[in-house]
Amino acid sequence: MKIISSGIKDGYIEEKYGKYGDQNLKGMPSKSLPLQWETIPEGTKSYALVMEDFDAIPVTGFSWIHWVTIIPKEYLELKENASLDDKNLIQGVNSWISSMGGLDQGDASHFGGPAPPDKTHTYTIKLYALDVELSLKSGFYLNELYKSIDGHILDMAKLEGKYNN
């Protein structure tokens, strides 16, 4: 399986998808990246997507979760701003629910774009092809997702992009 994004140019996430963009939800950058994937394993019944910033660990003490979403099996892409526009996505909470982010569960259950506080950070996007439809509800936590997909991963694709401070 392979995942790509037209919103990542020369290894860098375009500014409009992070803190330098013009769209935000209560201070959180909220315009999600467009993503496309291909070479899907047979038997795929849904997808799970996780976007994290491991470079945030020295600053926050944990990896910063930017987006967690469950995607229907018939999808082969997410359009730009799908996090806010596509009502078929089941979205979990991002790290803006933490005391450092200050958003409630509803507002944090969306894409929260890059906003590195100290230097250029690398953002890791993982897409999992699953052999099951998940029964999680909007507002779920990342650990709940990982428990639900354990033993159900058919394939995984990874994409990275940097965003400047």
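Is Tyr-163 buried or exposed? Tyr-163 counts as buried, at 1% relative accessibility. The model is predicted, and a search of the whole structure finds five aromatic pairs in it. The points below cover one of these pairs, an aromatic cluster, a serine that touches part of that cluster, and the largest pocket.

**The pair of Tyr-20 and Tyr-163**

- A pair of aromatic rings is described by the distance of the centres and the angle of the planes.
- Tyr-20 and Tyr-163 form a stacked pair, with 5.9 Å from centre to centre and 15° between the planes.
- Tyr-20 lies in the loop between β3 (12–13) and β4 (24–25), and Tyr-163 lies in strand β12 (residues 153–163), so the pair ties together parts that are 143 residues apart in sequence.
- Tyr-20 has a relative accessible area of 42% and is partly exposed, whereas Tyr-163 is buried.

**The aromatic cluster and Ser-98**

- One aromatic cluster is formed by Phe-62, Trp-64 and Trp-96.
- Ser-98, in the loop between β10 (90–91) and β11 (121–130), touches Phe-62 and Trp-64, leaving out residues up to four places away in sequence.
- Ser-98 counts as buried, with a relative accessibility of 17%, because buried means under 20%.

**The largest pocket**

- The volume of the largest pocket is about 200 Å³.
- Its lining has 14 residues, of which Thr-60, Trp-64, Trp-96, Ala-115 and Pro-117 are the closest to the centre.
- Trp-64 and Trp-96 also belong to the aromatic cluster with Phe-62.
- At least two lining residues come from each of α1 (57–60), β8 (64–72) and β11.
- By class, nine residues of the lining are nonpolar, four are polar and one is charged.

Note on methods
Residues are numbered from 1 along each chain as its sequence is written. This is a predicted model: local features need pLDDT of at least 70, side-chain atom pairs count only at pLDDT 80 or more; totals for chains, interfaces and linings use all residues. Side-chain values use heavy atoms; hydrogens and water are left out. Rings of Phe, Tyr and Trp (its six-membered ring) pair if their centres lie within 6.5 Å; planes under 30 degrees apart count as stacked, over 60 as edge-to-face and the rest as tilted. Helices (H or I, at least four residues) and strands (E, at least two) are DSSP runs, numbered from the N terminus. Buried means under 20% relative accessible area, exposed over 50%, partly exposed in between (1.4 Å probe, protein chains only). Contact means heavy atoms within 4.5 Å. On a 1 Å grid over the protein atoms alone, a cavity is a set of points where a 1.4 Å probe fits but cannot get out, and a pocket is an open set with protein on both sides within 12 Å along at least five of seven lines; lining residues have an atom within 4 Å of a point. Grid points are joined across faces, edges and corners, and a volume is the space filled by probe spheres set on the points. Ala, Val, Leu, Ile, Met, Phe, Trp, Tyr, Cys and Pro count as nonpolar, Asp, Glu, Lys and Arg as charged, and the others, Gly among them, as polar.
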